[in-house]
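Me: I'd like to learn how to read a few features off a protein model. Can we go through them one by one?

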Amino acid sequence: MDRKDKELLRRLYLEEGKSCSEAVFEAVLEAHGVVPEERCFRMMRGFSGGLSCGLACGAVTGGVAAISYLFNNGGESYEEVQGLCGSFAQNAMERFGTIECNVLKHRHRREDTRCYELVEQIADILWDTIGPEKEESE
């Protein structure tokens, strides 16, 4: 992630109060020049907080949703999307030892910034997985 992308993620998460899944999803799409319909952003809320029950980290699920949106062209892209999603989740797992929200929150959550440092690190892993720019699949 470059400085501009980090500033966007920070603004979405800390200033606008978006959830981890919403902030990662929106920041990645915006960085790639994609402006989806508003309902795409609204659907991301339920993924935050570990699927709303402490399970899979919302920053990871937001990243998986962004990969799917950017790379799924509805045709032959299944294997590419699955490969990217699997690599991203596996890289996050290797970096943190888990992608379980409750465990990560216990380790990384701060009163003033919530899980921002973790969210930024997970977004960095996502950028490393998909690259800095990808045109929307047609």
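Reply: We'll go through helix packing, cysteines, salt bridges and backbone angles in turn. Keep in mind that this is a predicted model.

Me: Let's start with packing. At what angle do helix α2 and helix α8 pack, and how far apart are their axes?

Reply: Look at the two axes together: an angle and a separation describe the pair. Here α2 (residues 20-31) and α8 (residues 116-130) pack at about 40°, and their axes are 11 Å apart. The crossing is right-handed.

Me: Which residues of α2 and α8 meet?

Reply: From α2 you get C20, V24, A27, V28 and A31. Facing them from α8 are V119, L126, W127 and I130. Sort the residues of that contact by type and you find 9 nonpolar, no polar and no charged.

Me: C20 is one of those contact residues in α2. How many disulfides does the structure hold?

Reply: The thing to check is the sulfur-to-sulfur distance, with a cut-off of 2.5 Å. The count for this structure is 0 disulfides.

Me: Why is there no bond between C20 and C57?

Reply: Because the sulfur of C57, the closest cysteine sulfur to that of C20, is 5.7 Å away, and that's too far for a bond. C115 gives a similar reading: its closest cysteine sulfur belongs to C101, at 6.6 Å, again too far for a bond.

Me: Are C20 and C115 buried or exposed?

Reply: For this, read the relative accessibility; anything under 20% goes down as buried. C20 has 14%, so C20 is buried. C115 has 10%, so C115 is buried as well.

Me: On to charges. How many salt bridges does a search of the whole structure find?

Reply: The general idea is that side chains of opposite charge can pair when their charged atoms come close. The search turns up 8 salt bridges here. One to look at is K6 with E120, where the closest N and O atoms are 3.8 Å apart. K6 sits in helix α1 (residues 3-15) and E120 in helix α8, so this pair ties together parts that are 114 residues apart in sequence. K6 itself is partly exposed, at 27% relative accessibility.

Me: How far apart are the closest N and O atoms of E16 and R11?

Reply: In that salt bridge they are 2.3 Å apart. Both partners are partly exposed: E16 has a relative accessible area of 41%, and R11 has 31%. It's also worth following shared partners, as salt bridges join R11, E16, K18 and E26 into one network.

Me: Which residue does R39 pair with?

Reply: R39 forms a salt bridge with E37, with 2.9 Å between the closest N and O atoms. E37 is partly exposed, with a relative accessible area of 47%.

Me: Last one: backbone angles. What is phi of S52, and where does S52 lie?

Reply: The trick is to look at the sign of phi and at the residue type together. Phi of S52 is near 65°, a positive value in a residue other than glycine. S52 is placed in helix α4 (residues 48-54). With 55% relative accessibility, S52 counts as exposed.

Me: And what is phi of R114?

Reply: That one is near 55°, positive too, and again the residue is not glycine. R114 lies in the loop between α7 (101-108) and α8. R114 is partly exposed, at 23% relative accessibility.

Definitions and conventions: Residues are numbered from 1 along each chain as its sequence is written. This is a predicted model: local features need pLDDT of at least 70, side-chain atom pairs count only at pLDDT 80 or more; totals for chains, interfaces and linings use all residues. Side-chain values use heavy atoms; hydrogens and water are left out. Axes are lines fitted to C-alpha atoms, for helices over the stretch in contact, and angles run from 0 to 180 degrees between N-to-C directions. Helices (H or I, at least four residues) and strands (E, at least two) are DSSP runs, numbered from the N terminus. A crossing is left-handed if the near helix is turned anticlockwise from the far one by less than a right angle, and right-handed if clockwise. Contact means heavy atoms within 4.5 Å. Ala, Val, Leu, Ile, Met, Phe, Trp, Tyr, Cys and Pro count as nonpolar, Asp, Glu, Lys and Arg as charged, and the others, Gly among them, as polar. Buried means under 20% relative accessible area, exposed over 50%, partly exposed in between (1.4 Å probe, protein chains only). A salt bridge is a side-chain nitrogen of Lys or Arg within 4 Å of a carboxyl oxygen of Asp or Glu.
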